[in-house]
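Q: Hi! I'm new to this one and would like a hand with the empty spaces inside. Can we go through them together?

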Amino acid sequence: MRLSISHTTRYSFKDPVVHALQRLRLTPKETQGQKILDWEMQYENAHLELEFDDQNYNTVTLVAVQPGASEVTITCRGTVETEDNAGVIGRHSGHLPLWSFLGQTKLTKPGPKLRALMRDVPVSPKRPEDGAKLDYLHALSAHIRDAVTYQTGTTQVTTTAEEAVAECNGVCQDHAHIFISAARAADIPARYVSGYLMMNDRISQEATHAWAEAHIDGLGWVGFDVSNGISPDPRYVRVATGRDYRDAAPVTGISFGSTEQVLTVDVAVEQQTVNQQQ
């Protein structure tokens, strides 16, 4: 499937900026089942400082905001070709060893509510049969989706997995953190993924999307989109991965001279037709 993506991020500052740096993870990965045909980034009232690959092989773009700017616009657009591998990404790569995805972070550390949720998963990850871990992860994903209702506006980027379980609602980021927490507790390496998802009923999307991946012996990394109850298919585009949201956040940064800002995001993802590809 060939997907056309447009992603615009706008910052409006209450007062002119004295100095600001933005760290962007907005360039899709070149990985199994995903090929980047073209990709460009444009900046208004900002300029490129540096681009590098981080410890997770994410492309990180560092941009500086022009002094005195009251608004900044970052526009990304391009074309990505995807394949259907039933969510299987394959072997581990990156500068971090596989065991680093077993340790809990501040956002994934389980508490009593999350441990209770894990005990209620109807499949055990410790059965001796082949495929036991994969069966457990599918059951875990379904159980989280039933227990934690998808609801926007109830959590923030700083909300932990434990807090989301306690509130019984959240968004894709929270579902991913809960899944990662439970998988790691079952001694299964797991990581966070940020990217794009083409919804079948519309081109304009609410925002970027997030899901989780777990590492299974013999398969490698396998994706689980808890919020939608499926493993990623050709409608998904992987952009960044990490131990939790903080490692894969699309945009982070610091600013001086303005403490209040308004962020708006416009994301459009659509499938290219045969005529568009020619």
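A: Happy to help; what follows is a short chat about the cavities in this predicted model.

Q: How many cavities of 30 Å³ or more does the structure hold?
A: The structure holds two cavities of that size or above.

Q: What volume does the largest cavity have?
A: The largest cavity comes to about 160 Å³.

Q: And which residues are the closest to its centre?
A: Those are Glu83, Ile89, Pro232, Asp233 and Arg238, out of 18 residues that line the largest cavity.

Q: Which strands supply at least two residues of that lining?
A: Three stretches do so: strand 7 (88–90), strand 12 (209–216) and strand 14 (236–242).

Q: How does the lining of the largest cavity divide into nonpolar, polar and charged?
A: It has seven nonpolar residues, seven polar ones and four that are charged.

Q: OK, switching over. How much space lies in the second largest cavity?
A: The second largest cavity holds about 30 Å³ of space.

Q: What is it lined by?
A: Its lining is made of Arg25, Leu26, Ser194, Gly195, Tyr196, Thr208, Val239 and Pro250. Strand 2 (19–27) and strand 10 (190–197) are the elements that each give two or more residues to this lining.

Q: Which strand gives the most there?
A: Strand 10 does, with three residues.

Q: Last one: what is the lining of the second largest cavity like by class?
A: By class, there are four nonpolar residues, three polar and one charged.

Note on methods
Residues numbered from 1 in each chain as written. Predicted model: local features only at pLDDT ≥ 70, side-chain atom pairs only at ≥ 80, totals over all residues. Heavy atoms only, no water. 1 Å grid on protein atoms, 1.4 Å probe; cavity = no way out; pocket = protein on both sides within 12 Å on 5 of 7 lines; lining within 4 Å. Points joined across faces, edges and corners; volume = space filled by probe spheres on them. Helix = DSSP H or I, 4+ residues; strand = E, 2+ residues; numbered from the N terminus. Nonpolar A, V, L, I, M, F, W, Y, C, P; charged D, E, K, R; others polar.
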